[in-house]
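Could you walk me through this protein model, from its overall fold down to a few individual residues? I would like an explanation that I can follow with the structure open beside me.

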Amino acid sequence: MRVRSPLRRRTRSVVDRASSADLVMLALDRPDMAEQVGGILLLGRGPAFDLGTAEATLAGRIQAVPRLRQRLMPAPLGCGRPVWIDDVDFNITRHVRQVPCPAPGDEQALLDLGVRLVADPLPRSGPLWSAAFVTGLADGKVALVLVLHHVLADGIGGLAVLNVLVDNVLSDP
């Protein structure tokens with residue numbers, strides 16, 4: 001019987017390639033209309049909103065959704081589809097911002113702002129998502145506009161991401 005030395009064990013690295021569906025979503029992107037989905041969540045009232053606290057909360061929760069810290073890297077010509085890699089330069093401040101709601105700060109103003117934020121193409125150089133905390137709403141609440149490129153989540157997948165990122169803790173910033 002032959003015993004294999006532990007030093008000779010082969011390690012197999014897993015390459016996480018973009019799926020065929022991902023490639024379709026990326027190919028459908030146009031400068032005037034990106035393949036992105038978004039949601040607007042109305043968060044509760046509380047003490048004065050603090051972007052730093054909200055960023056820290058999101059940063060902790062993003063650990064449970066690795067894809068939100070990854071970006072697509074093109075493979076060399078002839079070497080297959082792009083691969084998902086951890087973004088070594090990931091910084092949550094590049095993805096999260098605070099945006100004032102235009103006057104009068106009502107529901108229509110929030111919806112109009114949400115449409116503009118979702119339509120703004122996400123840079124391909126990093127993870128394909130953004131979050132905007134909207135302040136200045138007429139009722140004193142804060143809203144969160146979360147934008148995900150379709151390669152990160154479809155409808156159900158987007159809801160799963162929201163479930164991880166947002167709960168009672170985040171809604172009381």
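Here is a short tour that starts with the whole chain and ends with single residues.

A word on the source: this is a predicted model. The chain contains four helices and six strands. If you trace the chain from its start, these elements come in the order α-β-α-β-β-β-α-β-β-α. There are 173 residues in the chain, and 38% of them are buried. Long-range contacts are well represented: of the contacts with a separation of 6 or more, 70% are between residues 24 or more positions apart. On the outside, the accessible surface of the chain is about 10600 Å², and carbon and sulfur atoms account for 56% of that surface.

Let us go inside next. The largest nonpolar core has 39 residues, and those touching the most other members are Leu68, Trp129, Phe133, Val134 and Leu148. Several elements each supply at least two residues of this core, namely helix 1 (20-28), helix 2 (51-62), strand 4, helix 3 (107-119), strand 5 and strand 6 (142-149). Strand 6 gives the most, with seven residues.

From the core we can turn to the open space in the model. In general, rolling a probe the size of a water molecule over the atoms shows where empty space is left. Here, the largest pocket holds about 270 Å³ of space. Its lining is made of 19 residues, and the closest to the pocket centre are Arg94, His95, Pro123, Pro127 and Trp129. Trp129 will be familiar, as it is also among the core residues that touch the most other members. Two strands, strand 4 (96-100) and strand 5 (129-135), each supply at least two residues of the lining. By residue type, the lining is mixed, with eight nonpolar, five polar and six charged residues.

Helix 3 is a good place to look at single residues. Leu117 sits in this helix. Is Leu117 buried or exposed? Leu117 counts as buried because its relative accessibility is 10%, and the cut-off for buried is under 20%. Setting aside residues up to four places away in sequence, Leu117 touches Arg97, Ala132, Val145 and Val147. One of these partners, Val145, is 28 residues away from Leu117 in sequence, yet the two C-alpha atoms are 7.6 Å apart.

Leu111 also belongs to helix 3. Its relative accessible area is 37%, so Leu111 is partly exposed. From Leu111 to Gly39 there are 72 residues in sequence and 10.0 Å in space, C-alpha to C-alpha.

Now step back along the chain to the loop between strand 4 and helix 3, where you will find Ala103. Pro104 lies in that loop as well. The peptide bond joining Ala103 and Pro104 is cis, with an omega of about 10°. Ala103 counts as exposed because its relative accessibility is 74%, and the cut-off for exposed is over 50%. Measuring sticks are handy here: the C-alpha atoms of Ala103 and Leu137 are separated by 8.4 Å, with their positions 34 residues apart along the chain.

The last stop is Met73, in strand 2 (residues 70-73). With a relative accessible area of 36%, Met73 is partly exposed. Which residues is Met73 in contact with, leaving aside its neighbours within four places in sequence? They are Pro82, Val83 and Ile85. Val83 is 10 residues from Met73 in sequence, and their C-alpha atoms are 5.3 Å apart.

Definitions and conventions. Residues numbered from 1 in each chain as written. Predicted model: local features only at pLDDT ≥ 70, side-chain atom pairs only at ≥ 80, totals over all residues. Heavy atoms only, no water. Buried < 20%, exposed > 50% of the residue type's maximum accessible area, 1.4 Å probe, protein only. Contact = heavy atoms within 4.5 Å. Areas by Shrake-Rupley, 256 points an atom, 1.4 Å probe, with all protein chains shown as cover. 1 Å grid on protein atoms, 1.4 Å probe; cavity = no way out; pocket = protein on both sides within 12 Å on 5 of 7 lines; lining within 4 Å. Points joined across faces, edges and corners; volume = space filled by probe spheres on them. Nonpolar A, V, L, I, M, F, W, Y, C, P; charged D, E, K, R; others polar. Core = buried A, V, L, I, M, F, W, Y, C linked by side-chain atoms within 4.5 Å.
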